[in-house]
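Take a look at the fold below. Then read on for a tour of its open spaces, its strands and its rings.

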Amino acid sequence: MRVSFLIPAYNEEATIGEVLERVDALGLDTQVIVVDDGSHDRTAEIAEAHGATVIRQANSGKGAPIRAASAAIGGHIAVIQDADMEYDPAEVPELIEPIVRGVADVVFGSRLRGGKPQRAHLFWHLVGNRFLSLLTSVLYNTTLSDMETGYKAFRVEVLRSLDLREDRFGIEPEITAKICKRRLRIYELPISYFGRTFDEGKKITWRDGFRAIWVLLRVRFSR
Ligand SMILES: Nc1nc2c(ncn2[C@@H]2O[C@H](COP(=O)(O)OP(=O)(O)OP(=O)(O)O)[C@@H](O)[C@H]2O)c(=O)[nH]1
Ligand SMILES: [Mg+2]
């Protein structure tokens, strides 16, 4: 099965090369799509030098790149891969196993299930994520422990059919909400997490948390 990696990347020259090398080292049949929307560094050049397909567009956060990459997918399985080495591509074969086996439509990698190396979280990020994951579970009658995770893998038809609209970090709750609402077969697996701080380039903030609450409610109560 061909695996398409969707990689939103904004000013990630320090890590994009290593991410792409690790994807390559998997030895899988892969398609690699990097979406760089206006980085001020060498992210796009490095991605091209590694043989990735690079889509360039006007800057708009993490969501629009995921939508742009979705339109270009040619594989059977799609994996969202961050460009900052917080999530290790070496774990992707394990992540997609339930889809390959035919029992899952979507797999979330959870940073909160334990059992893998995880850098200590930023406390308030963890509180925010626990709250959003609990809200997701209550609204959609599910048990996701990490709805904000960057590692989400899909059967390609599922991702294509989601009709995503969010441009920024609201894409994470939008994906989560829409797959939960459709009652797809969702699996969750523990993954490692090599978290970084704001000084190291992290971009998500408390504003994105409020947006997430709004998106979770909107999708739940819209027809
Ligand atoms: N193309 C593009 N990618 C972006 C943008 N903002 C964030 N990203 C990418 O989205 C991924 C996640 O962004 P991060 O800044 O790592 O977000 P985070 O705060 O660590 O949150 P997580 O999603 O938990 O990793 C990284 O690969 C970023 O480069 C953007 O404006 N444009
Ligand atoms: Mg990150």
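## Pockets, strands and rings

Helix 7 gives the largest share of the lining of the second largest pocket, with three residues. This is a predicted model. The second largest pocket has a volume of about 250 Å³. Its lining includes Glu 174, Lys 178 and Lys 181. Arg 218, Val 219, Ser 222 and Arg 223 are also among the lining residues. Two elements give two or more residues to this lining: helix 7 (171-181) and helix 8. What classes of residue does the lining of the second largest pocket have? By class, there are two nonpolar, two polar and eight charged residues.

Now stay with helix 7. Is helix 7 largely enclosed or not? Ten of its eleven residues are buried, so helix 7 is largely enclosed by the rest of the structure. The buried residues include Ile 171, Ile 175 and Ile 179. Charged side chains appear in the buried list too, among them Glu 172, Glu 174 and Lys 178. Glu 174 and Lys 178 thus have two roles here: they are buried, and they line the second largest pocket. After helix 7 comes Arg 183, with a positive phi near 55°.

### The open and closed spaces

Rolling a probe the size of a water molecule over the atoms shows where empty space is left. The table sets out the spaces in this model.

| Space | Volume | Nonpolar | Polar | Charged |
|---|---|---|---|---|
| Largest pocket | about 1100 Å³ | 20 residues | twelve residues | 15 residues |
| Second largest pocket | about 250 Å³ | two residues | two residues | eight residues |
| Largest cavity | about 30 Å³ | four residues | no residues | three residues |

The largest pocket has a volume of about 1100 Å³. Which residues are closest to its centre? Of the 47 lining residues, they are His 125, Phe 169, Lys 203, Ile 204 and Thr 205. Helix 5 (123-140) and helix 8 (206-221) each give two or more residues to the lining of the largest pocket. Helix 5 gives the most, with seven residues.

Helix 5 also holds Leu 139. Leu 139 is buried, at a relative accessible area of 14%. The cut-off for buried is under 20%. The C-alpha atom of Leu 139 is 9.5 Å from that of Phe 221. Along the chain, Leu 139 and Phe 221 are 82 residues apart.

How many cavities of 30 Å³ or more does the count give? The count comes to one. The largest cavity is lined by Glu 91, Glu 94, Leu 95, Lys 116, Leu 189, Pro 190 and Ile 191. Helix 4 (92-100) and strand 7 (186-190) each give two or more residues to this lining.

### Strands side by side

Strand 6 (residues 152-155) pairs with strand 4 (residues 77-80) through three bridges, and the two run antiparallel. Ile 77 stands opposite Arg 155 of strand 6. Strand 5 (residues 106-110) is also joined to strand 6 by three bridges, again antiparallel. Which residue of strand 6 is the bridge partner of Phe 108? The partner is Lys 152. Lys 152 and Phe 108 meet in another way: the charged end of Lys 152 sits over the ring of Phe 108, 5.0 Å from its centre.

### Rings together

A search of the whole structure finds four aromatic pairs. Why is the pair of Trp 206 and Phe 210 edge-to-face? The ring centres are 5.9 Å apart and the planes are at 90°, so the pair is edge-to-face. The cut-off for that class is over 60 degrees. Trp 206 and Phe 210 are four residues apart in helix 8, which separates them by about one helical turn. An α-helix has 3.6 residues a turn, so residues three or four places apart point the same way.

Are these two rings' residues buried or exposed? Trp 206 is exposed, with a relative accessible area of 60%. Phe 210 is exposed as well, at 53%. The cut-off for exposed is over 50%.

Elsewhere, Tyr 87, Tyr 151 and Tyr 193 form one aromatic cluster. Tyr 193 also has a charge over its ring: the charged end of Arg 111 lies 4.8 Å from the ring centre.

Notes:
Residues numbered from 1 in each chain as written. Chains lettered and ligands numbered in written order. Predicted model: local features only at pLDDT ≥ 70, side-chain atom pairs only at ≥ 80, totals over all residues. Heavy atoms only, no water. Pairing = 2+ DSSP bridges. 1 Å grid on protein atoms, 1.4 Å probe; cavity = no way out; pocket = protein on both sides within 12 Å on 5 of 7 lines; lining within 4 Å. Points joined across faces, edges and corners; volume = space filled by probe spheres on them. Phe/Tyr/Trp six-rings, centres within 6.5 Å; stacked < 30°, edge-to-face > 60°. Buried < 20%, exposed > 50% of the residue type's maximum accessible area, 1.4 Å probe, protein only. Lys NZ or Arg CZ within 6 Å of the ring centre and 35° of its normal.
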